[in-house]
Each structure stands twice: as C-alpha cells, then as structure tokens.
Amino acid sequence: MPDKAFIPSAYTNTIEKGSFTWSAPSNIALVKYWGKKGKQLPANPSISLTLNNCKTITTLGFEKKENSGSFSFELLFEGQLKESFRPKIEKFFERIEEYLPFLKDYHFTIDTQNTFPHSSGIASSASGMAALAVNLMSLEAALNPLMTEDEFNQKASFLARLGSGSACRSVSGNVVIWGDHDETAHSSNLYGFAFEGFHEVFKTYQDTILLVDKGEKQVSSTLGHDLMHGHPFAQQRFAQAHDNLSLMKEALAKGDLEAFIKITESEALTLHAMMMTSMPYFILMKPNTLEIINKIWSFREQTGVPVCFTLDAGANVHVLYPENVSNKVLDFIKNELVGYCQNSQYICDEIGTGAVRIN
Ligand code: PMV
C-alpha cells in the first residue's frame with residue numbers, strides 16, 4: 001500500500017468544536033528497530049509487546065478557526081503550559097498535514113500526562129505520539145463517519161510512526177509487528193499491525209521495569225538511528241533482525257519460552273553492541289545494568305524460572321516473565337535486584353491491548 005493511500009478524499013461531515021481523550025501505552029521491542037531511512041521508515045522489521053500501565057493520557061480540544069494559514073495549538077503537560085514540546089509537535093503536524101488536511105482549520109489544545117514518572121528513563125515518545133495520533137484520528141472519523149475500525153487503527157499507526165517510529169506499535173494489539181518482512185503477510189514499513197497468533201502464555205506476560213538510571217537519555221533516538229548509516233555491521237544487523245523476527249514469531253506461536261528468551265536477550269545486547277561499535281561510540285548500560293543481567297542469569301540457571309531481560313536505548317532493565325511465576329520473580333526482584341535501582345524504584349507492568357478511548 002503506498003503512503004498516498006492515506007490521503008483522504010473529501011470529508012462528508014463538518015464539526016465546529018469538541019474534544020476527545022485517549023490513553024496510549026508504551027511498548028517494549030523484542031526484536032529491535034534501530035536504523036531508519038526516508039520518511040521514518042525502519043531499516044529492519046521489529047516486533048514488540050504492548051504495555052498496559054505505562055501510558056500517556058491526552059485530551060485533544062479543537063475549535064474551528066477563521067484563518068487556516070498556519071498550525072495553531074497550545075500544549076499542556078500535566079496541566080501546565082509546555083512550550084518546549086512545541087517544535088516536536090510543529091514538525092509532526094508538518095509531516096502529517098498531507099494526510100490530515102483539516103489540521104490548519106482548527107485551533108487545538110493538547111493536554112497530556114504520563115502515568116509513569118517524568119525522567120524515569122522510560123521513553124514517552126511512543127505513548128505520547130500514539131495518543132496524539134488516535135485523538136487526531138477521532139476527529140477525522142467524525143468528519144468521515146464511514147471509516148471502519150481497521151482503517152482507523154491502520155492510519156493511526158501510520159500517523160504515529162511519522163511522530164516517532166516505535167509509536168506505530170502502540171496503537172492496537174498485544175503483540176505488534178512493524179516493517180516489511182518477507183515471511184509476514186501484510187507486513188509494512190508504513191504502520192504496525194497486531195500479530196494474533198501468539199500462545200496463551202504471552203496473554204498475561206509481565207514486564208517489571210527496573211529504573212537503573214533515570215537521567216536524560218545520553219543519546220537521542222534520532223542520533224542513535226543515524227549512527228546506523230555507514231555503520232560497519234549495519235547490513236549484517238538488518239539481515240539478522242529479519243531472521244530473528246521469523247524465529248520470534250515461531251517462539252511466540254508455540255509458547256517456546258527457551259527460544260523466546262534467547263532471541264529477546266540477544267536482541268537487547270545486539271542493540272547495545274551496535275551503539276558500542278558506532279562512530280562515535282556509546283555505552284548506555286551502567287554497571288548496575290550488568291549486575292542485574294548477571295543476577296537474572298544465575299537466578300534462571302538455579303531455579304529454572306523462565307525470566308529474561310531486555311533493554312531499551314538506555315540503562316533500565318525490562319524483566320520479562322510469565323504470570324504464573326510472578327510471585328517467585330517479584331520476590332527475587334525485591335530481594336536481589338532492587339538494590340541496583342535508583343532510589344529502589346521499579347514499575348510493574350504487563351502486556352496490554354493498545355490505545356483506549358476514554359472520552
Ligand atoms: O521510536 P524511536 O525513534 O524512539 O526508536 C526506538 C528504538 C528502540 O526503542 C531502541 C527500539 C525499538 O524497537 O523500540
């Protein structure tokens with residue numbers, strides 16, 4: 001499907017003013033997206049688990065204005081005006097205007113808050129851009145009432161991607177695939193779509209996020225993706241991601257936790273290896289990240305409990321495990337891992353379903 005397919009034909013309805021509220025969750029990639037090309041297109045396909053508790057809640061107020069010469073919006077973060085978000089939203093609006101031609105016809109108030117602590121090192125761009133995209137789609141659906149739910153979700157994911165790549169995996173579905181992949185029918189670089197064929201065990205999968213370093217990101221994801229241009233191992237890495245996605249789909253379908261663990265942990269370390277071997281090079285893990293990884297490995301070996309880790313582009317550790325071992329893993333976290341977290345902080349999350357309309 002070409003991106004032009006997302007340009008709407010003339011709207012049948014008009015609407016003067018109103019508001020919508022949506023929540024959209026964060027997601028954690030199992031096979032990582034790292035490297036991009038063109039208009040926010042991924043250099044390789046990825047797959048993620050949608051989270052449930054770490055989310056952004058955004059209310060979009062809109063009112064028709066006289067003059068449709070430029071974008072007009074006001075940004076609030078937790079009820080306070082937040083001018084520093086303006087350039088990012090302005091850029092997002094420029095990128096999506098072609099697909100939402102009504103954008104300059106309204107004045108918007110974008111009021112947003114996160115359920116996770118600010119500067120926890122948890123990226124809010126995925127949940128934030130997804131929450132804004134679904135709100136804008138609600139307005140488009142009001143202008144075009146014939147839109148189906150599938151069309152809504154697909155275009156919302158398409159728009160969210162133009163805000164922040166991984167945001168396209170935060171719109172709908174428990175497990176989401178994004179990026180062209182020969183072995184996945186309907187896969188697309190333009191949007192994410194729900195992978196339905198996963199085993200029962202993943203329906204209630206748990207993710208406890210250990211906050212090792214809550215500081216500002218050392219490397220922005222924009223810079224990080226750029227470092228894959230001319231990276232000596234880039235082509236090999238992109239090919240590996242295709243293979244790992246095939247293997248991961250099989251592990252998810254069969255409920256093969258051993259394979260799931262192997263691919264997930266290898267992907268996390270590969271993401272960091274790419275950063276360590278780029279020019280300039282970065283180490284985003286902290287000593288405590290490594291301590292935690294080693295503890296998880298010994299615990300798994302000693303107990304046989306199928307717990308594993310994954311990492312984002314930072315020092316925090318996502319601890320992934322099936323729900324039926326929650327008590328054991330939470331005891332282990334409290335007894336052995338909390339000491340490695342900044343201010344002993346961690347967040348309990350689990351697999352979720354995607355964006356939800358609240359109002
Ligand atoms: O969506 P971005 O541009 O912030 O990139 C996110 C990249 C990783 O989180 C490191 C991996 C991924 O697939 O989510």
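## Salt bridges, a helix pair and local backbone features

Gln 40 is buried, because its relative accessibility is 6%. This is a predicted model. Gln 40 sits in the loop between E2 and E3, and its phi is near 60°, a positive value in a residue other than glycine. Most residues other than glycine have a negative phi, and most peptide bonds are trans.

Another residue with this feature is Ser 344, whose phi is positive at about 55° although the residue is not a glycine. Ser 344 belongs to the loop between helix H8 (326-337) and strand E13 (346-350). With a relative accessibility of 43%, Ser 344 counts as partly exposed.

The peptide bond from Met 279 to Pro 280 is cis, with omega near 0°. Pro 280 is located in the loop between H6 and helix H7 (287-303).

**Salt bridges**

The model has a count of 10 salt bridges. The table gives some of them.

| Residue pair | Closest N to O distance |
|---|---|
| Lys 39 and Glu 98 | 3.9 Å |
| Glu 140 and Lys 155 | 2.8 Å |
| Arg 237 and Glu 267 | 2.8 Å |

The side chains of Lys 39 and Glu 98 form a salt bridge. Lys 39 is in the loop between strand E2 (36-37) and strand E3 (41-42), and Glu 98 is in the loop between helix H1 (86-96) and strand E7 (106-114), so this pair ties together parts that are 59 residues apart in sequence. Lys 39 is partly exposed at 44% relative accessibility, and Glu 98 is partly exposed at 34%.

Glu 140 and Lys 155 also meet in a salt bridge. The pair links distant parts of the chain, with Glu 140 in helix H2 (residues 125-143) and Lys 155 in helix H3 (residues 149-163), 15 residues apart. Glu 140 and Lys 155 are both buried.

In a further salt bridge, Arg 237 pairs with Glu 267. Arg 237 is part of helix H5 (residues 234-254) and Glu 267 of helix H6 (residues 257-276), so the salt bridge ties together parts that are 30 residues apart in sequence. Arg 237 is buried, with a relative accessible area of 3%, and Glu 267 is buried at 1% relative accessibility. Elsewhere, salt bridges that share partners join Lys 4, Lys 39 and Glu 98 into one network.

**Helices H5 and H6**

Two packed helices are described by the angle between their axes and the distance between the axes. The axes of H5 and H6 come within 9 Å and cross at roughly 155°. Angles over 145 degrees count as roughly antiparallel, and H5 and H6 are therefore roughly antiparallel to each other. Their crossing is left-handed.

On the H5 side, the contact includes Arg 237, Gln 240, Ala 241 and Asn 244. The H6 side includes Phe 260, Ile 263, Glu 267 and Met 274. The residues of the contact of H5 with H6 divide into 9 nonpolar, 5 polar and 2 charged. Arg 237 and Glu 267, the salt-bridge partners, are both among the residues that meet here.

**Surroundings of Val 219**

Val 219 is placed in the loop between strand E10 (206-210) and helix H4 (221-226). Its relative accessibility is 3%, so Val 219 counts as buried. Not counting residues up to four places away in sequence, Val 219 touches Gly 224, Phe 282 and Leu 284. The C-alpha atoms of Val 219 and His 118 are separated by 18 Å, the two residues being 101 residues apart along the chain.

Technical notes. Residues are numbered from 1 along each chain as its sequence is written. This is a predicted model: local features need pLDDT of at least 70, side-chain atom pairs count only at pLDDT 80 or more; totals for chains, interfaces and linings use all residues. Side-chain values use heavy atoms; hydrogens and water are left out. A salt bridge is a side-chain nitrogen of Lys or Arg within 4 Å of a carboxyl oxygen of Asp or Glu. Helices (H or I, at least four residues) and strands (E, at least two) are DSSP runs, numbered from the N terminus. Buried means under 20% relative accessible area, exposed over 50%, partly exposed in between (1.4 Å probe, protein chains only). Axes are lines fitted to C-alpha atoms, for helices over the stretch in contact, and angles run from 0 to 180 degrees between N-to-C directions. Angles under 35 degrees count as roughly parallel, over 145 as roughly antiparallel, 65 to 115 as roughly perpendicular and the rest as oblique. A crossing is left-handed if the near helix is turned anticlockwise from the far one by less than a right angle, and right-handed if clockwise. Contact means heavy atoms within 4.5 Å. Ala, Val, Leu, Ile, Met, Phe, Trp, Tyr, Cys and Pro count as nonpolar, Asp, Glu, Lys and Arg as charged, and the others, Gly among them, as polar.
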